[in-house]
Amino acid sequence: MDRSLALRRRLRREQTPAESQMWPLLRGRALDGAKFRRQMHVCGFVVDFACISHGLIVELDGAVHDEPEKAEHDRDRDALLRARGWTVLRFRNGELQRHPEVVVEVVRRTLNALTPAASRRPLSRRPGEGEETGNPLSGHRIVEDVTDP
């Protein structure tokens, strides 16, 4: 078994509390019929949740993502994913815990704004595959924790 597959299986078994809260909101095409996968390998990274048909990645970030090195890594990673045609949404764990309806609504609106992959260029799942889509909605969006100053 390759290391990436073993890692993804372990991450699925050992979800964070935020991932455990988010997965039922996305699984089984619960969100407007969109199929999400969890702990999916995309462009050399393992992402929390991905909807291939719409090119959408949803990441949940805990406090470790506040560390300067990790924040820089996240920015670089998101730039690479965007260059491969993916849209990345990042949410703070606290935002999901306190306002899951807001998080779901942002994901829903983003899904509805994105063109399904059947009518656009293919997305890249590995480095070097595919081309940039030029999707004007692609980008790194951060939903601020509305309860924290």
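## Two hairpins, a one-sided helix and a pocket

Strand 2 (45-51) and strand 3 (56-61) run antiparallel and are paired over three bridges. Strands count as paired if DSSP finds at least two bridges between them; strands are DSSP runs of E of at least two residues, helices are runs of H or I of at least four, and both are numbered from the N terminus. The model is predicted, so local features need pLDDT of at least 70 and side-chain atom pairs count only at pLDDT 80 or more, while totals for chains, interfaces and linings use all residues. Residues are numbered from 1 along each chain as its sequence is written, and side-chain values use heavy atoms, with hydrogens and water left out.

Across this pairing, Cys51 faces Leu56 of strand 3. The two strands make a hairpin with four residues between them, and Gly55 in its turn has a positive phi of about 65°. On its other pairing, strand 2 meets strand 1 (37-42), again in the antiparallel sense, through five bridges. Here Val42 has Phe45 of strand 2 as its bridge partner. This pair, too, forms a hairpin, with two residues between the strands and a positive phi of about 50° at Cys43 in the turn. How much of strand 2 is covered? Seven of its seven residues are buried, that is, under 20% relative accessible area with a 1.4 Å probe and protein chains only.

A good residue to follow from here is Leu60, which belongs to strand 3. Leu60 has a relative accessible area of 7%, and therefore counts as buried. Beyond its neighbours within four places in sequence, Leu60 is in contact (heavy atoms within 4.5 Å) with Ala18, Glu19, Met22, Asp48, Phe49, His65, Phe91, Asn93 and Leu96. Of these partners, Phe91 is 31 residues from Leu60 in sequence, yet their C-alpha atoms are 5.0 Å apart in space.

Ala18, Glu19 and Met22 lead to helix 2 (residues 17-26), whose buried residues are these three together with Trp23 and Leu26. Why do these residues share a side of helix 2? They cover an arc of only 125° around the axis, judged by the directions from the helix axis to the C-beta atoms, which places them on the same side. An α-helix has 3.6 residues a turn, so residues three or four places apart point the same way. The elements that cover this buried side include strand 1, strand 2, strand 3, helix 4 (93-98) and helix 5 (100-113). After helix 2 comes Gly28, with a positive phi near 60°.

Glu19 of helix 2 also appears at the largest pocket, which holds about 250 Å³ of space. Its lining has 17 residues, and those closest to the centre are Leu11, Thr16, Glu19, Gln39 and Asp48. Helix 1 (3-13), strand 2, strand 3 and helix 3 (68-83) each contribute at least two residues to this lining, with helix 3 giving the largest share, three residues.

Seen as a whole, the protein chain contains five helices and five strands, in the order α-α-β-β-β-α-β-α-α-β from the N terminus. Of its 149 residues, 41% are buried. Among contacts between residues at least 6 apart in sequence, 67% join residues at least 24 apart.

Conventions:
Buried < 20%, exposed > 50% of the residue type's maximum accessible area, 1.4 Å probe, protein only. 1 Å grid on protein atoms, 1.4 Å probe; cavity = no way out; pocket = protein on both sides within 12 Å on 5 of 7 lines; lining within 4 Å. Points joined across faces, edges and corners; volume = space filled by probe spheres on them.
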